[in-house]
Each structure stands twice: as C-alpha cells, then as structure tokens.
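Hello,

Here is the structure I promised to pass on. Please open it beside this email and follow along.

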Amino acid sequence: MNAQAGFTRKGWILFAVMAFVWGITYLFIKEAVHSITPPAVVAGRTLLGGLVLLPFALRSGALKAAWKHWPWVLAFGVIEMAGPFLLLSHAETQLPSGLTGLLVATVPLFAVIIALLRGDRTALSPVRLGGLLLGFAGVAIVVAGPGLFPHEPASVFAIGEILLTALLYAIAPFIIAHKLSDVPSIGTITLALFAIGIGYLPAALLTQNELPTVRSAVSLLLLGVICTAVAFVAFFALIREVGPVRAPLFTYVNPVVAIVLGTVFLSEPITSGLLFGFPVIIAGCWFAATGGRLRTRKEALPPPQML
C-alpha cells in the first residue's frame, strides 16, 4: 500500500464496488426491520456472512492466523459491526434509507479528524481538503428539498445514532491498517463476523417474536451475503490499496445509491438536488482521493497475505 500516492486503477474499481454494495445496504436494512428486530438483523447478517466465508478461511489457513490476533480482531468487530449494525438497524425504524445514507457520508470527515490527531497532515493539502468539503456539499445538495428531514424526537435520536455509527466506521479502518495489516483479511473478517453474530444471538432469540415476512427474510439473506461477506472482503482490499483515510470516501456516493433505490422501491422522497449534487459528489471524491492528479498511479504489488 502507498496511501500517499493516490488511487490505483484497482483502487477505483474497489471504490465503485463499495459505493454500490454499501449503498444498497440501507434498502435491505429498511426492508429487513419491517418484521425482524434490530438484534436479529445483526445476528442474522453476521452469521450468514461468516458462514459464506468460513470454507475459504479454513482452506487458506487464514482463520488460524487471525486467531493469534483475536483481541484486535474482536475490537475491529465491535467497532465496525457490533455497534454500527445495531445502530443502523434501529435508526432505520425511524428514518428514510436515503437520509441514513446521507448521514453516514460524514465518515470521511471523521476519518480526516482521526488522521490529524494521529499526526498525519497529508489530508490538509488544499486540494484534498477542498475535495472533502466539496463532496460533503454535494451530499447536502442531493437531499436539498422538503420532506426528507424529520423532526420527531425519536427521529432526532436516530440521527444521533447514525452520526455515532459514522464515527465508529471512521475508526475501524485505522485498526485494520495499523493493527491487522499482516493478518489475512478473510480470516479477520470471518472470525469477527462469528464473534459478533454469536454475541447477538441470545438477544435475537429473545426479541424476535414473530415469523419474518418473505421480503424481510430475503433482504436479510442479501444483507448477509452481499452487503457483509462480499463487501468486507472488498473493503479490506480497498483499505490496503489506498489507506484508511481515503478508503471511506465511497460513503459520499452511498447516499445517491440509497436515495435512488429508496425512491424506486420504497417511495421515499427525492429532490431535484440529486441531478445537481451527484456530479459535485463525484468531483469532490476525485479531488480528495487523487489530490487533483490526472494520471492514475501504477499498480503496486499486492501484499503477500491479502486474503
């Protein structure tokens, strides 16, 4: 990884994958919580994701390698999965999926603050800092219009839950980059998923008192397979390719995906700001990721233990 040099072509591909896959997450969560309790959603998606990855982790020996670093793996699981997954699931019982995606787009700003506290001043370069602010301005433009922001007390509390989620999401990549960089990714992900899933299982069994609808069950299945198992493999690869500060930039594009899907499938409100805000978001992400360079840097050799 050479996080200082910008994005590789591989980095942009991973960025696009994460922008789409975690953009559709909000739709699936919204559908799942219609008849599945938040603890059951967390337990279901993490255990399903762990089961999908388990054969690959066992065959490669990655699970054994990850177990040697279990304290940091567990810390990553708590910060990236246990807290955010529950907070998101509960918040979406009160908020539109598009607004949820918008609020999670504050992750890159938290990431920059964390990097600065760690002594990294590269994010303060005028072009990159301007790109961060431009991207966030684009997110605000996307949702400019009446009807999107609720004002009920429960919704205000839910907004606080999402902002806390964004902070946790900003912290997690630094654990990966600085404490788990030499651990096979698939082992870390699988072990963390099972730890969190098993931890939430008792609460899931106690709170789930009704039979889920088919729509909610299918949404939970897609959450576990696509938005958890596949997404985390891509996420780790993105962090190792571009660094923990640039990696969360895809959250600027997530709201666009979330708002479009929420409008099409859930009849959630959309404004004309989407047409104007989306190009601004893309421009902001590009400046923040590349520093304004037109040429993509050459591909770096992959780490010896990527997966």
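**Around Phe76**

Start with Phe76. Setting aside neighbours within four places in sequence, Phe76 is in contact with Met81, Ala172, Ile175, Ile176, Leu180, Thr188, Ala192, Phe232 and Phe236. Phe76 also stands out in the largest nonpolar core, which has 92 residues. Together with Trp22, Phe76 touches the most other members of that core. Helix H11 gives the largest share of this core, with 13 residues.

One caution before we go on. This is a predicted model.

**The whole chain**

Now step back. How many helices and how many strands does the protein have? There are 13 helices and zero strands. Read from the N terminus, the order of elements is α-α-α-α-α-α-α-α-α-α-α-α-α.

The protein has 307 residues, and 55% of them count as buried. Look at contacts with a separation of 6 or more: 92% of these join residues 24 or more positions apart. The exposed surface comes to about 13200 Å². Carbon and sulfur atoms supply 73% of that surface.

**Leu74 and a nonpolar patch**

Next, find helix H5, residues 70-91. Leu74 lies in this helix. Is Leu74 buried or exposed? Neither: Leu74 has a relative accessible area of 36%, so it counts as partly exposed. The cut-offs explain the label, because buried means under 20% and exposed means over 50%.

Leu74 also belongs to a nonpolar surface patch. The other members are Trp67, Trp70 and Val78. The patch covers about 430 Å². H5 supplies its largest share, three residues.

Then look across the chain. Leu74 and Ile196 are 122 residues apart in sequence. Their C-alpha atoms are separated by 8.2 Å.

**Val127, a second example**

Val127 sits in helix H8, residues 126-142. Its relative accessibility is 37%, so Val127 is partly exposed too. Which residue is 157 places from Val127 in sequence and 9.5 Å away in space? That is Gly284, with the distance taken from C-alpha to C-alpha.

**The salt bridge**

The count of salt bridges comes to one. Arg215 pairs with Glu31, and their closest N and O atoms are 2.9 Å apart. The pair links distant parts of the chain, 184 residues apart. Arg215 is in helix H11, residues 214-242. Glu31 is in helix H2, residues 25-32. Glu31 has a relative accessible area of 6%. The cut-off for buried is under 20%, so Glu31 is buried.

**Helix H12**

Last stop: H12, residues 254-266. Try a quick check here. What span should 13 residues give at 1.5 Å a residue? The expected span uses one less than the number of residues, so the answer is 18 Å. In the model, the end C-alpha atoms are 17 Å apart, which agrees.

Now colour the buried residues of H12. They are Asn254, Pro255, Val256, Val257, Ala258, Ile259, Leu261 and Gly262. Just after the helix comes Ser267, with a positive phi of about 60 degrees.

**Where to look again**

If you have time for two views, take these. View Phe76 with its contacts, among them Phe232 and Phe236. Then view Arg215 and Glu31, which form the salt bridge.

Best wishes

How values were computed
Residues numbered from 1 in each chain as written. Predicted model: local features only at pLDDT ≥ 70, side-chain atom pairs only at ≥ 80, totals over all residues. Heavy atoms only, no water. Helix = DSSP H or I, 4+ residues; strand = E, 2+ residues; numbered from the N terminus. Buried < 20%, exposed > 50% of the residue type's maximum accessible area, 1.4 Å probe, protein only. Contact = heavy atoms within 4.5 Å. Areas by Shrake-Rupley, 256 points an atom, 1.4 Å probe, with all protein chains shown as cover. Patch = residues over 30% accessible without salt bridge, like charges linked within 9 Å, V, L, I, M, F, W, Y side chains within 5 Å. Salt bridge = Lys/Arg side-chain N within 4 Å of Asp/Glu carboxyl O. Core = buried A, V, L, I, M, F, W, Y, C linked by side-chain atoms within 4.5 Å.
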